[in-house]
Amino acid sequence: MDTSFRMPPHSTTTDGAPRTVGVEVEFANLDAPSAAAVVRSLYGGALEPESPHRCRVTGTRLGDFAVELDMRSAHPGKAAESKSEEGDAGPLGKAVGKAVDGVVEALRPWWGNIGSLVMPFEIAAPPIPIDRLAELEPLFAALSAQGAAGTDASPLFAFGLHLNPQVARTDGAYVLDHLKAFLLLAPWLRREIRVDPTRRLTGFIAAFPTDYAVKVVDPAYRPDLDGLIGDYLEANPTRNRELDLFPLFAHLAPETMAAKLSDPHVRPRPTFHYRLPNARLGDPDWSLVQDWNRWVAVEDLAADRDRLDALGADFRAFAARKALDGWAAEAGRRLAV
């Protein structure tokens with residue numbers, strides 16, 4: 001089993017700063033104040049409750065953490081953000097809306113209590129330098145020791161681990177190479193991770209369409225950034241993908257994305273949003289290092305254009321023979337060479 005965190009081929013940004021990674025982990029059976037207390041016990045800082053279902057831990061040695069029920073309607077601030085996007089409803093509409101808001105606010109804590117029975121809590125760590133990722137491993141162990149349950153604990157739990165690696169560069173070629181590499185390795189990643197069946201059924205981490213993957217991994221496919229974004233949105237009009245590029249595209253090309261997409265949940269970030277891994281808190285055989293190192297395999301492939309193009313041509317040949325069921329094993333064999 002992997003025990004050390006691998007460094008990707010590009011460990012710094014173009015200005016020479018160390019790249020960072022945001023980590024989000026979902027779990028059940030532990031409420032926000034209790035989980036926040038675990039964070040504070042490990043990393044210091046101040047615990048700041050914001051609602052019964054949301055806490056922040058600020059000023060830790062790693063930065064600021066957020067702990068919350070992953071349910072927008074349980075948080076007053078997030079609901080207000082949604083309302084700000086609704087526009088002017090007129091005097092009567094505002095009066096009715098104000099009355100409804102009063103009822104909603106009174107019920108919000110109860111709604112959160114109900115939601116916590118089926119929805120996960122989530123800890124969002126601050127962006128952490130790659131060479132300090134090992135400092136998060138004690139958090140996973142401590143949460144498990146306090147009774148936090150991961151996706152394996154119940155058929156109702158579809159909990160994930162999200163990794164948000166900061167990009168090393170912001171040019172279209174760099175982004176495209178990483179998308180190609182991910183599409184080529186996604187079947188192998190799904191096999192290695194053994195993605196939880198409930199998570200697959202929810203549709204939040206849907207695989208990219210095969211026709212789109214075949215198109216993109218073609219060595220001859222080399223659009224500019226606008227062309228890449230246009231093709232991506234046409235084939236993937238949803239952020240519910242194993243690798244969600246909406247936040248990165250919104251950061252790199254805000255006007256292009258605004259013209260093509262209206263989704264208040266998309267926050268511009270200079271990161272890849274990798275959503276595939278399971279959150280297996282409570283499983284002694286699981287650790288963050290395993291899933292991080294699998295992601296580094298994607299970055300390794302993206303940095304090797306010759307190998308990337310060779311695998312792209314082979315993937316297309318497998319697809320033409322309708323033999324993609326065997327691609328996960330083939331990709332794993334090629335990675336081992």
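**Exercise 1. Which residue stands opposite S51 in strand 3? Use it to trace the sheet.**

Before you start: this is a predicted model, where local features need pLDDT of at least 70, side-chain atom pairs count only at pLDDT 80 or more, and totals for chains, interfaces and linings use all residues. Residues are numbered from 1 along each chain as its sequence is written, and side-chain values use heavy atoms, with hydrogens and water left out.

*Step 1.* Find S51; its partner across the way is R54 in strand 3. Strands here are DSSP runs of E with at least two residues, helices are runs of H or I with at least four, and both are numbered from the N terminus.

*Step 2.* Look at how the strands pair, which takes at least two DSSP bridges between them. Strand 2 (residues 46-51) and strand 3 run antiparallel, joined by five bridges. They make a hairpin with two residues between them.

*Step 3.* Go on from R54, which also stands opposite E68 in strand 4. Strand 3 and strand 4 are antiparallel too, with four bridges. Their hairpin has six residues between the strands, and G59 in it takes a positive phi near 70°.

*Step 4.* Keep walking across. Strand 4 (residues 65-69) is joined to strand 5 by four antiparallel bridges, and L69 stands opposite F121 in strand 5. Strand 5 (residues 121-124) then pairs with strand 1, again antiparallel and with four bridges. There, E24 stands opposite A124.

*Step 5.* Check how covered strand 3 (residues 54-58) is: four of its five residues are buried. Buried means under 20% relative accessible area, exposed over 50%, and partly exposed in between, using a 1.4 Å probe and protein chains only.

**Exercise 2. Work out what lines the largest cavity.**

*Step 1.* Start with the idea: rolling a probe the size of a water molecule over the atoms shows where empty space is left. On a 1 Å grid over the protein atoms alone, a cavity is a set of points where a 1.4 Å probe fits but cannot get out; a pocket is an open set with protein on both sides within 12 Å along at least five of seven lines; lining residues have an atom within 4 Å of a point. Grid points are joined across faces, edges and corners, and a volume is the space filled by probe spheres set on the points.

*Step 2.* Count and size. There is one cavity of 30 Å³ or more, and the largest cavity holds about 30 Å³ of space.

*Step 3.* List the lining: V23, E24, V25, I123, A125, L136, L139 and F140. Strand 1 gives the most, with three residues, and helix 4 (137-145) is also among the elements that supply at least two.

*Step 4.* Sort by class: seven nonpolar, no polar and one charged. Ala, Val, Leu, Ile, Met, Phe, Trp, Tyr, Cys and Pro count as nonpolar, Asp, Glu, Lys and Arg as charged, and the others, Gly among them, as polar.

**Exercise 3. Follow helix 5 from its kink to the pocket it lines.**

*Step 1.* Find the kink: helix 5 (residues 172-193) bends by about 50° at L185, shortly before the proline P187. The bend is the angle between axes fitted to the seven residues ending at a residue and the seven starting there.

*Step 2.* Ask why helix 5 is largely enclosed by the rest of the structure. The reason is that 18 of its 22 residues are buried.

*Step 3.* Turn to the second largest pocket, with about 260 Å³ of space. It has 15 lining residues, and the closest to its centre are P187, R190, T210, F315 and L324. Helix 5 supplies the largest share of the lining, four residues. By class, this lining has 11 nonpolar, one polar and three charged residues.

*Step 4.* Step off the end of helix 5 to R194, in the loop leading to helix 6 (197-202). R194 has a positive phi of about 55° although it is not a glycine. At 58% relative accessibility, R194 counts as exposed.

**Exercise 4. Is R19 buried or exposed?**

*Step 1.* Locate R19 in the segment before strand 1 (20-27).

*Step 2.* Read the accessibility: R19 is buried, at a relative accessible area of 0%.

*Step 3.* Look for a partner. The R19 side chain reaches the backbone oxygen of H10 at 2.6 Å.

Notes: A polar contact is a pair of N or O atoms within 3.5 Å; within protein, one must be able to donate a hydrogen and the other to accept it, and residues adjacent in sequence count only if both atoms are side-chain atoms.
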